[in-house]
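Got the model loaded in your viewer? Here is a walk through it, one selection at a time.

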Amino acid sequence: MIAFLSFAIVVLLFTVLVLTAKASEVATELKDGVRSYTNQSRINGYLLLGFLVLMFAGSAYAFKELMPVMVPKAASVHGEKTDYLFNMTMIIILVVAVLTQTALFYFAYRYNESRVNEAYFYAHNNTLEIVWTIIPTIVLTVLIVMGMYEWFTIFTRDRDKNMLVIEATGKQFNWMLRYSGKDGKFGERIIDTAHVTPTNELGINWNDPKSHDDFMSDKLYLVKGRPTLMKLGAQDVIHSFYLPHFRVKMDCVPGTPTEFYFTPTMTTEEMRKYLSTQPWWQTINPETGQPRWQTFKYELACAELCGKSHFGMEREVIVVTQPEYDEWLNKQTSLYDATIKPTLAKETVAPAAAASDSTKADEKKPTAMLIKK
Amino acid sequence: MQTAPSVEHAGVDTDHIHGHEEHHHEETFLTKYIFSQDHKMISKQFLITGMFWGVVGGLLSVLFRLQLGWPNETFPFLESFLGKWAEGGRISQEFYYALITMHGTILVFFVLTGGLSGTFANLLIPFQIGSRDMASPFVNMLSYWFFLSAGVVMLFSFFIQTGPASGGWTAYPPLNGLRNTGVNLGSGLGFDMWALGMTLFIVSSLLGALNYVSTVLNLRTKGMSMMRLPLSVWALMFTAIVGILSFPALLAGVVLLEFDRLLDTSFYLNNIIINGQLLGYKGGSPILFEHLFWFLGHPEVYIIILPAMGIVSEVLAVHSRKPIFGYKAMIISLMAILILSFIVWAHHMFVTGLNPNLGAIFTLFTLLIAIPSAIKVFNWIGTIWRGKIRLTAAALFAIGFVSMFISGGLTGIILGNSSIDIQLHDTMFVVAHFHIVMGIAAFFGMFAGVYHWFPRLYGRFMNETLGQIHFYITLIGSYCIFFPMHFMTGLPRRYYSYANFDTFNNFNNLAAFMSIVAIVVFLAQLLFLVNFFYSIFKGRKLEGEYANPWDSNTLEWTAPVERLHGNWPGDIPEVHRWAYDYSVNGRPFTPQNVPLKDGEAAH
């Protein structure tokens with residue numbers, strides 16, 4: 001009924017508009033004899049000027065209201081640099097936008113037909129054109145050089161020997177996060193049909209002793225100040241490993257390994273503390289009844305369309321200090337101990353019932369299905 | 001099939017001697033309206049088909065905006081229309097992704113490529129260069145019919161059981177590369193139809209483009225040197241060149257993708273594991289597809305924006321009663337954009353793990369494109385400066401185009417910088433950027449063109465008042481939708497809902513606001529359609545046998561109001577000057593076919 005009513009209203013509105021518009025056109029013609037655009041140029045001149053003011057006022061309002069809600073400041077070393085670059089470029093383009101939009105709409109108003117006797121024939125001016133070619137070139141050169149410098153710093157700097165290496169593998173619709181355990185070394189993975197099975201999706205070679213202390217985690221634990229190398233991959237389709245707070249994003253491509261090297265700078269607690277000083281984060285979240293900063297968490301997301309539950313690949317990211325990390329590490333049960341050892345004890349071969357940690361995580365948290373249900 | 005009339009006319013074009021009188025061919029309904037080889041009729045066919053696709057593409061966006069704006073609401077009427085795709089009144093996840101995929105495909109290819117280039121290249125190139133028709137009217141007709149059949153295939157894919165393609169308009173494998181594995185519902189028959197539709201579309205596009213280029217190069221009338229061409233013709237020709245050089249790469253990419261899908265080859269697939277089952281594909285790389293796709297995909301955005309730039313240059317000059325500022329600089333910057341457009345594609349792939357050196361080079365070229373773009377903006381502003389601007393709907397849309405191009409273009413400087421792009425890649429910031437700079441801006445260019453050349457197409461005017469209402473709603477509405485979207489920096493795009501993430505779930509009121517505005521803007525476009533079709537039959541008529549409603553210099557207005565097959569009844573006009581003699585030599589305007597008087601410069 002409501003759909004029908006709104007449809008009827010729209011049709012009515014359209015009819016009224018068309019008839020009024022037709023009438024106004026006929027009226028103009030009767031009044032001016034020949035078709036003249038001077039009157040409407042005058043009106044449109046004022047309207048464009050009004051739009052210019054409205055645009056700036058609206059933009060300022062949007063900045064005021066929406067800036068505080070944005071993803072908060074970077075929590076990684078390179079992220080602070082790229083944020084700086086972002087902000088700097090943003091200021092430059094805002095200045096350019098204000099100047100050019102003002103010129104555009106002001107000229108449209110100032111030189112409309114009703115305010116001018118004759119147009120000024122002015123076809124080109126080489127000096128002017130050279131100037132407005134060179135200035136953008138210089139500004140862009142600066143931005144390009146700064147951007148490239150940062151880019152090479154992110155992707156080609158030397159690796160720290162003490163870095164934390166974590167393996168993340170995307171699949172529909174989950175992340176498999178593998179840690180190398182106490183020995184700091186990953187067990188070998190062999191991608192062939194003998195190793196890759198529904199109970200061993202990653203194709204881990206259990207005969208490699210290095211695999212025996214590797215464990216899976218349903219949360220991504222990172223260490224403050226410790227360089228981290230994410231080794232990334234995907235099982236089925238392209239995913240993208242995205243840590244919005246750390247300004248980290250890298251595609252996970254089936255059959256092609258990728259990686260991202262970065263250093264977190266703030267623990268989860270420190271970020272909460274920082275956010276507790278921010279007005280918007282002090283407001284109460286109606287869903288939890290608490291100030292927003294109290295329930296803040298870092299998150300991992302998928303940023304490449306990977307299928308119908310692309311939007312559900314959420315994992316919590318927790319940044320802790322090294323001692324806290326060590327403590328957490330000690331509590332983990334290795335995947336080998338959890339799934340392979342018991343079967344060896346019973347001397348049976350790979351029982352189908354033994355589920356890997358990753359599928360356990362699936363059961364525990366069906367992230368993708370939140371909406372569907 | 002009756003091919004004779006236009007072939008004869010095409011012959012007449014080249015030798016410039018024949019009159020028209022002796023050519024009176026009986027046109028049947030079929031040859032005049034359906035299998036027409038007349039560039040003006042083909043132009044209308046492209047325009048109206050493009051409008052149909054515009055409505056479909058816009059409607060799809062309204063549907064998915066319902067989901068994005070009110071993720072917790074249900075809309076029971078949706079179920080009555082969409083059935084299983086909206087059970088309980090909520091758009092299903094599969095259908096949501098089909099909607100965004102087809103929205104992108106339709107608007108990028110069928111509206112802003114086929115609809116925009118097809119309409120204005122066909123209308124303007126023969127008229128403005130002083131030719132009776134295209135170099136090959138028959139190929140021109142084929143171009144339209146391939147375009148239409150491509151559309152029919154795409155449209156039918158909505159009605160198959162598994163629904164249309166739903167793996168994104170970029171069609172990345174393996175999501176779209178695996179046919180029967182269940183990775184994606186739309187990757188079955190729906191994607192095959194997408195691939196077939198795109199193949200037909202590419203054929204159409206190439207046939208059209210070859211024709212446009214050869215027409216501009218070979219069929220210019222006497223005196224019409226390249227440097228006297230209106231900028232609209234330059235832009236349309238460059239667009240066609242970009243299309244000829246880039247569309248084949250997409251065709252190759254799509255054909256190989258179908259090999260993977262249908263013949264189990266491994267061009268793009270390697271070590272695919274689904275539910276612990278290793279599939280037999282070995283040695284391919286999805287990144288190869290991304291390269292092939294974006295080798296078209298990036299030039300494609302210039303295929304969309306260049307015709308709009310040409311139209312706007314023309315409309316601004318005519319309605320400002322001033323020559324376009326820096327004509328040569330405009331051509332050089334168009335050419336610079338054309339060349340650079342081929343060496344920036346990998347900026348869509350900064351975070352695919354490509355070699356950092358490559359990322360740096362693509363940053364360099366990408367940001368360089370800002371220079372010719374900036375020159376063009378300054379020249380447009382220079383054109384209206386001290387003009388005598390007639391603020392009609394056409395002029396308003398041209399001014400709106402420049403505004404949109406500034407706003408959207410500037411954020412490109414942020415996105416093109418690879419190190420900043422790490423965070424922004426595949427987020428709503430990108431969505432805001434490209435919708436403003438190539439979506440809305442290109443539409444504004446198209447509207448400017450339609451309002452400006454409607455009298456040429458139909459011998460009547462569109463209603464100005466409605467046109468101006470259309471303009472203000474679209475201008476304000478578009479900014480209301482896409483400006484605040486920039487603040488969603490960091491929110492991944494192509495999300496059905498943000499409810500799973502604390503980090504992203506903070507913009508629900510804003511999303512609802514944008515959805516409401518999107519619906520209003522969509523309705524305003526319907527108003528445009530009402531105006532368009534109403535004016536075809538009831539619009540104010542052009543008076544006289546010949547009419548030049550905007551006092552324009554270009555040749556299309558030297559032809560009679562009645563649309564003749566062959567354009568000019570007598571000899572085709574001879575050109576003596578450039579297209580921009582406005583407000584000079586003591587006359588408000590001087591058409592290109594007016595001979596030079598003493599002391600006048602030819603330009």
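Before the first stop, one convention: two strands pair if DSSP finds at least two bridges between them. Helices (H or I, at least four residues) and strands (E, at least two) are DSSP runs, numbered from the N terminus. This is a predicted model, where local features need pLDDT of at least 70 and side-chain atom pairs count only at pLDDT 80 or more, while totals for chains, interfaces and linings use all residues. Residues are numbered from 1 along each chain as its sequence is written, and chains are lettered from A and ligands numbered from 1 in the order in which they are written.

**Stop 1: chain A on its own**

Hide everything but chain A, which has nine helices and 12 strands. Its radius of gyration is 30 Å, well over the 21 Å that the globule rule gives for 373 residues, so chain A is more spread out than a compact globule. (That radius is taken over C-alpha atoms, and the rule is 2.2 Å times the number of residues to the power 0.38.) Along the principal axes, the C-alpha trace of chain A spans about 100 × 60 × 45 Å.

**Stop 2: two sheets in chain A**

Select E4, E12, E11, E6 and E7 of chain A: in that order they make an open sheet of five strands with mixed pairing. E4 (220-223) and E7 (248-252) of chain A are at the edges with a single partner strand each, so one side of each has no neighbour in the sheet. From one strand to the next, the twist averages 25°; angles run from 0 to 180 degrees between N-to-C directions, with axes fitted to C-alpha atoms, for helices over the stretch in contact.

Zoom in on E11 (298-302) and E12 (315-320) of chain A, which run antiparallel and are joined by three bridges. Which residue in E12(A) is the bridge partner of A:Glu299? It is A:Glu316. Now add H7 (residues 322-331) of chain A, which lies across E4 and E12 and runs at about 145° to E4(A).

The other sheet to pick is E3-E2-E1-E5-E8 of chain A, an open one of five strands, again with mixed pairing. Its edge strands are E3 (215-217) and E8 (258-262), each pairing on one side only. Within it, E1 (164-171) and E2 (174-179) of chain A are antiparallel over six bridges, and A:Lys171 has A:Asn174 as its bridge partner in E2(A).

**Stop 3: across the chains**

Bring chain B back. The contact takes 109 residues from each of chain B and chain A, where contact means C-beta atoms, placed from the backbone, within 7 Å. H13 (393-415) of chain B gives the most to chain B's side, with 10 residues.

For a close-up, select H3 (77-110) of chain A and H12 (370-384) of chain B, which pack at about 25° with their axes 9 Å apart. That makes H3(A) roughly parallel to H12(B) (angles under 35 degrees count as such, over 145 as roughly antiparallel, 65 to 115 as roughly perpendicular and the rest as oblique). Show side chains for A:Thr100, A:Ala103, A:Leu104, A:Phe107 and A:Ala108 of H3(A), which meet B:Val377, B:Ile381 and B:Ile384 of H12(B).

**Stop 4: a helix pair in chain B**

Finish with H8 (231-263) and H10 (327-340) of chain B, packed at about 10° with their axes 10 Å apart. Residues to highlight include B:Trp234 and B:Phe238 in H8(B), and B:Met330 and B:Leu334 in H10(B).

How values were computed: Two residues are in contact if their C-beta atoms, placed from the backbone, lie within 7 Å.
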